[in-house]
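Here is a short walk through one protein chain. Keep the sequence and the 3D view side by side as you read.

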Amino acid sequence: MKIYRFFTLSFLVLTILSCKKDHLSYDELYKKASEKYQEMHLLTQSISCGDISKWYVDTLLLDPTTRGYLPVSPTIKNKYDLLKKEHTNLLTKAMDADDRPYPNFVSLHMPVHFGIICQNGFAKVKTAEDFNTEQTRTALTERSETLQHYFKDKPCTAASDWIVTGIKKDCSQIWIPTIANQTYRNGFYAILTEYNTLYFHLTQLDKELQNCTPNSAPAPKSVRCENNKPIVVF
């Protein structure tokens, strides 16, 4: 009888411990997910750049309110994918257990990246912070030109098909006629997002830009079609 009670008690203790292990709090699960992310990050930094053109940027959810990127080489992809699967599983369990109010996970704002660079021999996802002042101004000029000529081959046949988009340049505003159709605008707004990210970065680098007085020119009223070209109306 004593032996039976001993084994029964042992079974109960093991069951309780097992349940405790399987029912971690969301804080513990978030911590484990974070540790798994660190493994993924260290893995991506475990090899030198090599041919950087073969790397790709992977997007992942870091926590309920943050998305991030990691550079991944084909040579580590299999191991990386296994770690990512474990990370995703832990994060999903944590979010399922977490009943605190958070923004809609799907609609989270994506941070902007500018591809992959090789820095000190290792791959890094490039962000606006990796641009110095001169590089930022050059990148802004290139994107400004692209944005202003993005719809140059699209004929203007109905003014109602167009809207006006503004971009900041120094202390003034540039107004760009833009096709209203969302399908056509997707590529335009991807470049616009990069532009705005770089412009904000420039304001952090250039103190004069922080203190300049914005141009008080009137805002545009509409777009009109003239010789099949969109013209901004003030």
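Begin inside this predicted model. Its largest nonpolar core has 23 residues, and Leu147, Ile167 and Leu198 touch the most other members. Four elements each give two or more residues to this core: α4, β5, β6 and α5. The top contributor is α5, with 7 residues. A second core lies apart from this one. That other core has 9 residues, including Leu43, Leu60, Leu70 and Ile76.

Now look around Leu147. Leaving out residues up to four places away in sequence, Leu147 touches Ile167, Ile176, Phe188, Ile191, Leu192 and Tyr195. Several of these names return in the next helix. Phe188, Ile191, Leu192 and Tyr195 are among the buried residues of α5.

Follow α5 from end to end. The helix covers residues 182–205, which is 24 residues. How far apart should its ends be? At 1.5 Å a residue, the expected span is 34 Å. The C-alpha atoms at its ends are 33 Å apart, so the model agrees with that expectation. The helix also has a kink of about 30 degrees, centred on Phe188. Phe188 is itself buried, and Phe188 is one of the residues that Leu147 touches.

At the start of α5 sits a polar contact. There, a side-chain oxygen of Asn181 comes within 2.8 Å of the backbone nitrogen of Thr183.

What do the buried residues of α5 pack against? Their partners are α4 (133–148), β5 (162–169), β6 (172–179) and α6 (207–211). Besides those already named, the buried residues of α5 include Arg185, Leu198, Tyr199 and His201. Leu198 also belongs to the largest nonpolar core.

Next, turn to two loops. Asn120 lies in the loop between β3 (116–119) and β4 (122–125). Its phi is near 55 degrees, a positive value in a residue other than glycine. Is Asn120 buried or exposed? Its relative accessibility is 73%, so Asn120 counts as exposed. Asp170 is in the loop between β5 and β6. Asp170 is not a glycine either, and has a positive phi of about 55 degrees. With 45% relative accessibility, Asp170 counts as partly exposed.

Now move to helix α3, which spans residues 77–97 and holds His87. This histidine has a relative accessibility of 2%, so it counts as buried. Setting aside neighbours within four places in sequence, His87 is in contact with Ala33, Lys36, Tyr37, Met40, Leu60, Leu61 and Leu62. Leu60 has appeared before, as a member of the core of 9 residues.

Step back to the whole chain. It has 6 helices and 8 strands. From the N terminus, two helices come first in the order, followed by two strands. Of its 234 residues, 30% are buried. Consider the contacts between residues at least 6 apart in sequence: 64% of them join residues at least 24 apart.

Finally, ask how far to trust each part. The chain has an average pLDDT of 87, and 86% of the residues score at least 70. Confidence is highest in α4, at 97. The lowest is in helix α1 (residues 2–22), with a mean of 49. Over residues 6–11, pLDDT stays under 50. For that stretch, the model has 0 contacts beyond four places in sequence.

Key:
Residues numbered from 1 in each chain as written. Predicted model: local features only at pLDDT ≥ 70, side-chain atom pairs only at ≥ 80, totals over all residues. Heavy atoms only, no water. Expected span 1.5 Å × (residues − 1). Bend = angle between axes of the 7 residues up to and from the residue. Buried < 20%, exposed > 50% of the residue type's maximum accessible area, 1.4 Å probe, protein only. Contact = heavy atoms within 4.5 Å. Polar contact = N/O pair within 3.5 Å; in protein donor to acceptor, adjacent residues only side chain to side chain. Core = buried A, V, L, I, M, F, W, Y, C linked by side-chain atoms within 4.5 Å. pLDDT = per-residue confidence, 0-100.
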